[in-house]
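Take a walk through this model, from the overall make-up to single residues. Keep the view open and rotate as you read.

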Amino acid sequence: HFTNYEQHGLMKSEPGGFLLTDEYARHAKEIARFQPRSDDVWVVTFPKCGTTWTQELVWMILNNCDPIGSKAPLIVRSPFLEYVSCWEVIESFNKTFPCLPPEHSKMLITLDMVEQMPSPRVIKSHLPFYLLNPKLLDTCKEKVVYVARNPKDVIVSYFHHHKLIQFHNFTEDVEKFAQYFMDDELLFSPFFPHIIEAWNKRHNPNMLFLFYEDLKKDLLGEIKKVATFLDKSLSEEQLTNLKEHLKFDTFSKNESVNMEMAKKLGGFNPDGHFIRKGKTGDWKNHFGPEVNKQIDEWMEKNLSGTDLKFTTEL
Ligand code: A3P
């Protein structure tokens, strides 16, 4: 059930539910019925928790760190499940990346084409588990990598994302944005139920729960952890190269992941970057003491009764 939600022209999945786009609402049933495959890997996150970074990490491990294949846009190699209508974007990406076969350029992003993608598929979703096929992490033996990040940096990152992408049309300041975030009034909100639902599934053998801050602290260790989870072994040379490939400075310049070409299509503000800063603790440059205290209280309230803990500085 969806109801119009007035704040930002979004749709609410049910009273008290998640805020999603009307485009999603039109496809919600098909998305919930979308069949996982036993050799899929799903990267599931709340936005701005390190999704893109993890998709690339997973894709590289599954594809033996293929240097040519990885030049195709990540959005094609690892489609965004609930974002089913962006084929025009893909078509334009194809002009930037001639290595992508033109006959695939328009279609990969539709649900039908994601269904037909060759295995192993790497599927991205920002949906909470309960809106995905119930077979996921149940009867199907696919794998899920879930990535969480401390909410203070998520708020900052999501604020810059709202400034970058014109669709959001966000003109207020970061502290106002933090209020919207804590009031669950932004796309894919609410934050805590999303993360806690996943946290409660972390012992499922087909689920790997990661933290952005651990990727920052020990990228090589986390690469090895993901490779073990995916039953893949990488040579020392591959590990070294992959660590270099995923390093922020390299990653932010990598055109297949950084979305810079999306600026040519409009819809992105020219002065921002999708792979923006890549730091833990950037919230300190954004929140005054009063808002910071409110966020602390909001975190404490939402985390009470769970053993989930976030790292807000490294
Ligand atoms: P910031 O806005 O704080 O810089 P998502 O992919 O889920 O949208 O997450 C985006 C966030 O992950 C952005 O955070 C982005 O810079 C960060 N990120 C992406 N690639 C990264 C990398 N290689 N190293 C560190 N952070 C990265």
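## From fold to detail

The protein's secondary structure comes to 14 helices and seven strands. The model is predicted. Of the 314 residues in the protein, 37% are buried. Sequence-distant contacts are frequent: among contacts with a separation of 6 or more, 71% link residues 24 or more positions apart.

Start with strand β4, residues 41-45. Five of its five residues are buried. In a regular strand the side chains alternate between the two faces of the sheet. In β4, one side carries Val-41, Val-43 and Thr-45. The other side carries Trp-42 and Val-44. Both faces are covered, and these residues are all buried.

Now look at what pairs with β4. Strand β5, residues 122-125, runs parallel to β4 and is joined to it by four bridges. Strand β6, residues 143-148, also runs parallel to β4, with five bridges between them. Trp-42 gives a handy reference point. In β5, the residue opposite Trp-42 is Ile-123. In β6, the residue opposite Trp-42 is Val-144.

Next, the nonpolar interior. In soluble globular proteins, nonpolar side chains tend to be buried together. Here the largest nonpolar core holds 62 residues. Val-58, Val-145 and Ile-155 touch the most other members. Helix α2, residues 51-62, gives the most to this core, with seven residues. A second core is separate and has five residues, including Ala-72, Ile-75, Val-76 and Val-257.

Return to Ile-155. Setting aside residues up to four places away in sequence, Ile-155 touches Phe-177, Ala-178, Phe-181 and Trp-283. Ile-155 is also one of the buried residues of helix α7.

Helix α7 deserves a closer look. It has 14 residues and reaches 19 Å from its first C-alpha to its last. That is close to the 20 Å expected at 1.5 Å a residue. Twelve of the 14 residues are buried, so α7 is largely enclosed by the rest of the structure. The buried set mixes residue types: among its members are Lys-152, Asp-153, Val-154, Ser-157, Phe-159 and His-160. What covers the buried residues of α7? The cover includes α8 (174-182), α9 (191-199) and α14 (289-303).

Turn to the ligand. It is surrounded by 19 residues. Thr-51, Thr-52, Ser-157, Arg-276 and Gly-278 are the closest. Three elements each give two or more residues to this shell: α2, α7 (151-164) and α13 (248-253). So which classes of residue make up the shell around the ligand? Seven are nonpolar, seven are polar and five are charged. Two of the helices met above thus return here. Helix α2, which gives the most to the largest core, also contributes to the ligand shell. Helix α7 contributes to the shell as well, and Ser-157, one of the closest residues to the ligand, is buried in α7.

Follow the chain into α9, where Phe-191 sits. Phe-191 is buried because 25 other C-beta atoms lie within 10 Å, and the cut-off is 20 or more. Leaving aside neighbours within four places in sequence, Phe-191 is in contact with Phe-46, Pro-151, Val-154 and Phe-181. Pro-151 and Val-154 are among the buried residues of α7. Phe-181 is also a contact of Ile-155. Phe-191 and Pro-47 are 144 residues apart along the chain, yet their C-alpha atoms are separated by 9.1 Å.

Last, some backbone details. The loop between α8 and α9 holds Pro-190. The peptide bond from Ser-189 to Pro-190 is cis, with omega near 5°. Phe-188 is in the loop between α8 and α9 too. Its phi is near 75°, a positive value in a residue other than glycine. Phe-188 counts as buried, with 22 C-beta neighbours inside 10 Å. Asp-184 also lies in the loop between α8 and α9, and its phi is near 60°, again positive in a residue other than glycine. Is Asp-184 buried or partly exposed? It is partly exposed, with 18 other C-beta atoms within 10 Å.

Another cis peptide bond joins Ser-119 and Pro-120, with omega about -5°. Pro-120 lies in the loop between α6 (111-116) and β5. That leads back to the sheet, where β5 runs parallel to β4.

How values were computed:
Residues numbered from 1 in each chain as written. Predicted model: local features only at pLDDT ≥ 70, side-chain atom pairs only at ≥ 80, totals over all residues. Pairing = 2+ DSSP bridges. Core = buried A, V, L, I, M, F, W, Y, C linked by C-beta atoms within 7 Å. Contact = placed C-beta atoms within 7 Å. Near = placed C-beta within 6 Å. Nonpolar A, V, L, I, M, F, W, Y, C, P; charged D, E, K, R; others polar. Expected span 1.5 Å × (residues − 1).
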